[in-house]
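Grab a pencil and work through these exercises with the structure open beside you. Try each task yourself before reading the solution.

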Amino acid sequence: MKNFVLGGMGLIALTACNAQQSAPQLPNIIYVFPDQLRNAAMEYWSQDEFRPYVNFQGDPTHTPRLNEFARQSVVLSSCFSNNPVSSPHRGSLFTGMYSNKSGVPNNCQSFRPTCSLPDSATCVSDVLYEAGYDCAYIGKLHLFCPTPNDPQHPGQYVESRVPAWDAYTEPHQRHHFDFWYSYGTFDVHKNPHYWDSEGNRHDPHEYSPKHEADKAIEYMRNEGGKLRDSSKPFFMMISMNPPHSPYQSTKDCMEEDYNLYKDTPLDSLLVRPNVDFSMDKTKSAPYYFANVTGVDREFGRILDALKELGLDKNTIVIFTSDHGETMCSQGVKDPKNSPYAESVNVPFMIRYPDHLKPRVDNLMLSTPDIYPTLLGLVGLKHMIPGHLHGRDLSDIFFNPETTTVERPESALYFQNSDGRKGEDGLFYDFYPNARGLKTDRYTIAFYLDKKTGKLRESLFFDDVEDPYQQRNIPLDEKPEVVKELCQKLGQELKRIDDRWYQDKLLPELITY
């Protein structure tokens, strides 16, 4: 009996009857990424076998299922969300391109009509579909500019808020996700809504991570054989909204989870020394951490069902997030969209039984790297599109000592804002506010004055000597280090044809 081979048209059987049942099957993939979950919120970083691998104190959270999963996985300490905002991250994740080229430079909302995942993009789901995968998407998407296309109220937006943020995703926009149970963005954790593959709206009136875990389990079980083609491997993405805001009361989380934190003093919850306790937002900490625990429980239910169905041995499971949460660190109000560690450093764990040896690795994984690396992990290197910004780092996951691929020495940082405004009041472009670089030791970022294009502010930290980034180093204090970092930054911006390279911005600092 001959095996399957992979070609440009997908998974093709070379034999006749029963080949699909007999041939080795590509692994299933489950990709779970809750929103706004910082790496420090993983309880295992406070445990003896993990603590030596990081130079920060872990948050006092309760994540028993993730702790167990970490011991079965390759755990990254330095996964980096390059543009730490929801839509830009997702655009990079789906396309393998940084936010300057992905089509999604800013958060998607109706005042930004050109900020949408392009129909023409070759997304990771498109390639996996071509390779024979059954693809499913569950939960928050936030990748398209809302339009008046409400299936239940034709000609209207799905919400009355101006500008509209939530969105219904048309079938032609779904990039071969055949099982669909999703929404754009809607921040009411205990009263979520979703549209299914046929455009029917569902309002389950329960905690969204629980409901999404239920749908994921239903898809895996495939009772009646109607949810997926069980002869194919599956690729399932699950995007839970918590622990994203709101985090104000038990209306925003499960009370059983809040009870784990409610009696702990705030200065024992927010343990990072860079927290500004004068901020009223500190009161949100127990609710934020309660949602971390809620996500942990529901992720565990997905793992339990996977094992019960006998699918765990041939399934790659990834747990990560789109960006972090400052939670009053650095005294900033914005929970994301900054180069601070609390914002850009996200969890990343991958379990692939009998293929990946569990360990902690300081591999600096950037968002665009995930797409090609995932294809490499499942044996589809030959199907990785050549235009991607991201690099296939799968060989490092298989063997940390490999010499077949170089470990990244740095990761880019992006911040964009609205650009040209049309006569209709809508924004048709983006302005490249800031660019920066993260290495194993330093973080540096430059912010432009939007009117003059000149340097407005710089952030420069020694992350080894100052892990909580409490001292912004003057650029002239370490000129040789700054020069080297700026050379690396310029090289990377040139490689991806960024606007800073095109317009040669900050030439007095950055070498292109």
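**Exercise 1. Place leucine 506 in the chain, then say what its phi and its accessibility tell you.**

Step 1: Find the spot. In this predicted model, leucine 506 sits in the segment after α13 (499-502).

Step 2: Look at the backbone. Leucine 506 has a positive phi of about 50°, although it is not a glycine.

Step 3: Check the cover. The relative accessible area of leucine 506 is 3%. Buried means under 20%, so leucine 506 is buried.

**Exercise 2. Do the same for cysteine 328: is it buried or exposed?**

Step 1: Cysteine 328 is in the loop between β10 (315-320) and α9 (341-344).

Step 2: Its phi is positive, about 75°, and again the residue is not a glycine.

Step 3: Cysteine 328 has 0% relative accessibility, so it counts as buried.

**Exercise 3. Which residues are joined to proline 163 and proline 246 by cis peptide bonds?**

Step 1: Start with proline 163, in the loop between β5 (134-140) and β6 (179-183). Its cis partner is valine 162, and omega there is about -5°.

Step 2: Move on to proline 246, which belongs to the loop between β9 (234-239) and α6 (255-258). Here the cis peptide bond is with serine 245, and omega is about 10°.

**Exercise 4. Work out how enclosed helix α10 is, and connect it to serine 92.**

Step 1: Locate the helix. α10 covers residues 367-377.

Step 2: Go through the residues. Among the buried ones are Thr367, Pro368, Tyr371 and Leu377.

Step 3: Draw the conclusion. Eleven of the eleven residues of α10 are buried, so the rest of the structure largely encloses this helix.

Step 4: See what follows. After α10 comes glycine 379, with a positive phi near 85°.

Step 5: Now turn to serine 92, in helix α3 (residues 86-95). Serine 92 has 4% relative accessibility, so it counts as buried. Leaving out residues up to four places away in sequence, serine 92 touches Thr367 and Pro368, as well as Met97, Tyr98, Ser99 and Ser102. Thr367 and Pro368 are also in the list of buried α10 residues, which gives you the link.

**Exercise 5. Describe two arginines, 71 and 407, by place, exposure and contacts.**

Step 1: Arginine 71 is in the loop between α2 (64-70) and β4 (74-76). With a relative accessible area of 37%, it is partly exposed.

Step 2: Setting aside neighbours within four places in sequence, arginine 71 is in contact with Gln47, Glu49, Phe50 and Pro358. Glutamate 49 is 22 residues away along the chain, and the two C-alpha atoms are 9.4 Å apart.

Step 3: Arginine 407 lies in the loop between α11 (394-398) and β13 (410-418). Its relative accessible area is 32%, so this one is partly exposed too.

Step 4: Under that same neighbour rule, arginine 407 touches Asp361, Asn362, Leu363, Ile396 and Pro400.

Step 5: For a distance to check on screen, take arginine 407 and threonine 326: they are 81 residues apart along the chain, and 28 Å separates their C-alpha atoms.

**Exercise 6. How many residues does the largest nonpolar core have, and which helix gives the most to it?**

Step 1: Recall the background. In soluble globular proteins, nonpolar side chains tend to be buried together.

Step 2: Count. The largest nonpolar core has 60 residues, and those with the most contacts inside it include Met42, Trp45, Phe319 and Met349.

Step 3: Name the helix. Helix α8 (residues 285-308) gives the most, with twelve residues.

Step 4: Zoom in on methionine 42. Among the residues it touches are Leu37, Leu66, Val292, Phe319 and Met349.

Step 5: Don't stop there: a second, separate core of 51 residues includes Val74, Leu93, Phe144 and Ile318.

**Exercise 7. Decide how compact the whole chain is.**

Step 1: Take stock: the protein chain has 13 helices and 16 strands.

Step 2: Compare sizes. The radius of gyration is 22 Å, close to the 24 Å from the globule rule for 512 residues, so the chain is as compact as a globular protein of that length.

Step 3: Add the box. The C-alpha atoms fill roughly 70 × 60 × 50 Å along the principal axes.

Step 4: Finish with burial: 60% of the 512 residues are buried.

Key
Residues numbered from 1 in each chain as written. Predicted model: local features only at pLDDT ≥ 70, side-chain atom pairs only at ≥ 80, totals over all residues. Heavy atoms only, no water. Helix = DSSP H or I, 4+ residues; strand = E, 2+ residues; numbered from the N terminus. Rg over C-alpha atoms; globule rule 2.2 N^0.38 Å. Buried < 20%, exposed > 50% of the residue type's maximum accessible area, 1.4 Å probe, protein only. Contact = heavy atoms within 4.5 Å. Core = buried A, V, L, I, M, F, W, Y, C linked by side-chain atoms within 4.5 Å.
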